[in-house]
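Subject: Structure for your attention

Dear colleague,

Please find the structure below, together with its sequence. My notes on what was found in it follow.

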Amino acid sequence: MITFIISLIALVVGFLLYGTFVEHVFGINPKAQTPAITKADGVDFVPMKPWRIFLIQFLNIAGLGPIFGAIMGIFYGPSAFLWIVFGTIFGGAVHDYLSGMISLRKDGVSLPDIIGDELGKGVKLFMRLLSIVLLVLLTTTFLSGPATLLQGLAALGTTTFQGHMIPIVWVLIIFAYYILATVLPIDKLIGRFYPIFGGVLLFMGLGIMVVMLGWHSAEMPEFTDGLQNRQTNGLPLFPMMFVSIACGAISGFHGTQSPLMARCMTNERQGRWIFYGAMVAEGILALIWAAAAGTMFADPEAGLYGIDGLQAFAAAHPGENIAALVVDKVSRSWLGAVGGVLAIIGVIAAPITSGDTALRSARLIVSDFLHLSQQPIRNRLMIAIPLLACVFGMVFVDFNVVWRYFAWTNQTLAVFTLWAGTIFLYKNSQANKKYPYAYLIALIPALFMTMVSVSYIFIAPEGFHFAKLGLSWVAYLIAGVTTLALLIGFAYWKKKTNFKTINVN
């Protein structure tokens with residue numbers, strides 16, 4: 001329990017102290033007019049109340065990530081708590097804040113335009129393609145997962161495709177909903193109902209935390225158990241854990257969602273609560289689920305405690321979706337029948353609502369590229385229908401394959417976003433001179449995530465799988481050299497670039 005409490009307090013203190021520091025470094029202007037006012041169109045640029053935007057942002061970025069990812073991450077041991085805490089405070093929350101606030105400063109542009117403005121036109125085109133691929137992959141995973149859970153609650157119909165069971169009825173129902181959520185004005189469906197779902201997700205996490213601390217605190221994983229790798233699949237803790245726990249620490253997907261809410265804000269003061277604060281709330285949710293998964297399966301009579309019990313549970317269910325089984329067992333065992341159903345509904349609502357805003361982001365990325373007004377509904381449908389067709393086709397691909405490629409694409413996108421934030425902050429520091437080293441808040445996590453993403457390519461089973469060959473050190477060497485080369489390139493660029501005439505606003 002001590003480890004969990006310390007981690008929880010650290011996240012709250014991180015928001016209060018480091019979040020405030022990041023806000024000062026960025027340099028907000030409360031008097032500036034926001035794009036929700038200057039570009040109001042009644043579709044995507046729509047002013048909304050701050051508390052409503054916060055809950056929508058939280059629900060958008062949550063999805064399955066901070067729940068499923070945290071559950072899979074705790075298999076690596078209590079070190080997962082450290083990554084959730086430090087990854088959230090110094091990585092994910094900074095990433096989300098910068099992507100949202102830079103979008104706000106640039107009239108609500110989408111993430112590829114933010115990155116392209118700082119890293120070049122060629123990178124902008126690549127990021128448009130990468131972002132759309134990521135959003136299609138994410139929507140597919142966030143459609144298949146909830147459909148499977150709903151299938152378990154109320155069996156309707158399934159179809160078999162290439163050996164995989166597809167809950168086709170629920171897929172079609174969710175798919176129809178996605179069409180509405182993608183093309184309707186943001187305040188008609190998302191603005192009205194998503195704050196409710198966001199509240200349910202927070203209530204669910206709070207309920208599980210209360211039960212866990214009140215009745216199961218003795219079985220919770222602790223730092224005193226050791227920070228060594230507890231995973232039994234033979235894969236190293238670095239970088240695998242840092243990709244497994246993405247949305248609960250840092251996720252490139254969030255950068256595609258922040259501009260959606262930047263288009264609804266009415267004051268730059270709201271940014272710390274909406275962007276940095278929503279990420280900290282997600283970190284807390286991830287912390288709760290990681291602790292719950294590591295606590296639920298303790299069996300003192302069998303000599304199994306904490307994570308050992310979880311490992312035994314996973315070994316007893318080979319080939320199954322362990323994270324989904326953990327969610328179901330924890331919810332029903334700790335919250336009872338009604339609470340369990342409510343919790344599962346929260347887990348279902350979160351990914352569905354992240355999926356539709358992912359499609360909405362994809363629509364806006366394409367519309368920005370084509371300079372196509374989104375006020376006429378025919379223009380929205382012209383972009384949305386092909387995107388939805390891609391998602392529907394991807395549903396019939398093995399879920400595990402889609403998830404693995406989404407995971408790497410997700411963290412790679414975060415790398416580009418952090419490097420773009422580094423360049424933006426450096427330009428900003430040169431313009432006002434108040435914080436000459438402001439760019440470090442983005443540069444340090446950018447370097448770390450570069451190391452994670454590059455090494456993952458060479459270590460993971462879906463990559464070159466050097467770990468299986470006993471050559472993990474080669475993967476780390478390649479990643480280290482790549483990271484060092486980028487740092488040297490950045491230092492050289494700083495030295496050769498003149499910012500006297502740059503206007504960063």
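D107 is partly exposed, because its relative accessible area is 40%; buried means under 20% relative accessible area, exposed over 50%, and partly exposed in between, with a 1.4 Å probe and protein chains only. The residue lies in the loop between α5 and α6 (111-119), where helices (H or I, at least four residues) and strands (E, at least two) are DSSP runs numbered from the N terminus. Although D107 is not a glycine, its phi is positive, at about 65°.

Before going further, please note that this is a predicted model, in which local features need pLDDT of at least 70, side-chain atom pairs count only at pLDDT 80 or more, and totals for chains, interfaces and linings use all residues. Residues are numbered from 1 along each chain as its sequence is written, and side-chain values use heavy atoms, with hydrogens and water left out.

Positive phi values

H371 also has a positive phi, of about 55°, and is not a glycine. Its place is the loop between α14 (322-370) and α15 (377-394). H371 counts as exposed because its relative accessible area is 72%. A glycine, G27, has a positive phi of about 85° just after α1.

Helix α1

Helix α1 covers residues 2-26, which makes 25 residues. From its first C-alpha to its last it reaches 34 Å, close to the 36 Å expected at 1.5 Å a residue; the expected span is 1.5 Å times one less than the number of residues. At G14, α1 bends by about 35°, the bend being the angle between axes fitted to the seven residues ending there and the seven starting there.

The protein chain as a whole

The secondary structure of the protein chain consists of 18 helices and two strands. Of its 505 residues, 59% count as buried. Contact means heavy atoms within 4.5 Å. Among contacts between residues at least 6 apart in sequence, 83% join residues at least 24 apart.

Helix α17 and the helices it packs against

At what angle do the axes of α17 and α18 cross? The axes of α17 (residues 440-459) and α18 (residues 472-496) cross at roughly 145° and come within 8 Å. Axes are lines fitted to C-alpha atoms, for helices over the stretch in contact, and angles run from 0 to 180 degrees between N-to-C directions. The crossing of α17 and α18 is right-handed; a crossing is left-handed if the near helix is turned anticlockwise from the far one by less than a right angle, and right-handed if clockwise. Residues that make the contact include L443, L447 and F458 of α17, and Y476, L486 and F490 of α18. By class, the contact of α17 with α18 has 13 nonpolar, six polar and no charged residues. Here Ala, Val, Leu, Ile, Met, Phe, Trp, Tyr, Cys and Pro count as nonpolar, Asp, Glu, Lys and Arg as charged, and the others, Gly among them, as polar.

Helix α5 (residues 79-105) packs with α17 at an angle of about 120°, and their axes are 10 Å apart. This crossing of α5 and α17 is left-handed. W83, F90, G91, V94 and L98 of α5 meet I441, A442, P445, F448 and M449 of α17. Nine nonpolar residues, one polar and no charged residues make up the contact of α5 with α17.

S453 also belongs to α17. Is S453 buried or exposed? S453 counts as buried because its relative accessibility is 6%. Leaving aside neighbours within four places in sequence, S453 is in contact with W408, Q411, T412 and V415.

Y76, Q231 and the region of α10

Y76 lies in the loop between α4 (65-73) and α5. At 3% relative accessibility, Y76 counts as buried. Beyond neighbours within four places in sequence, the contacts of Y76 include Q228, Q231, L237 and M240. The C-alpha atoms of Y76 and M240 are separated by 9.0 Å, although the two residues are 164 residues apart along the chain.

Q231 is in the loop between α9 (190-215) and α10 (237-244), and counts as buried at 17% relative accessibility. Outside its neighbours within four places in sequence, Q231 is in contact with F75, Y76 and Q311. A cis peptide bond, with omega of about 10°, joins F238 and P239; P239 is found in helix α10.

Yours sincerely
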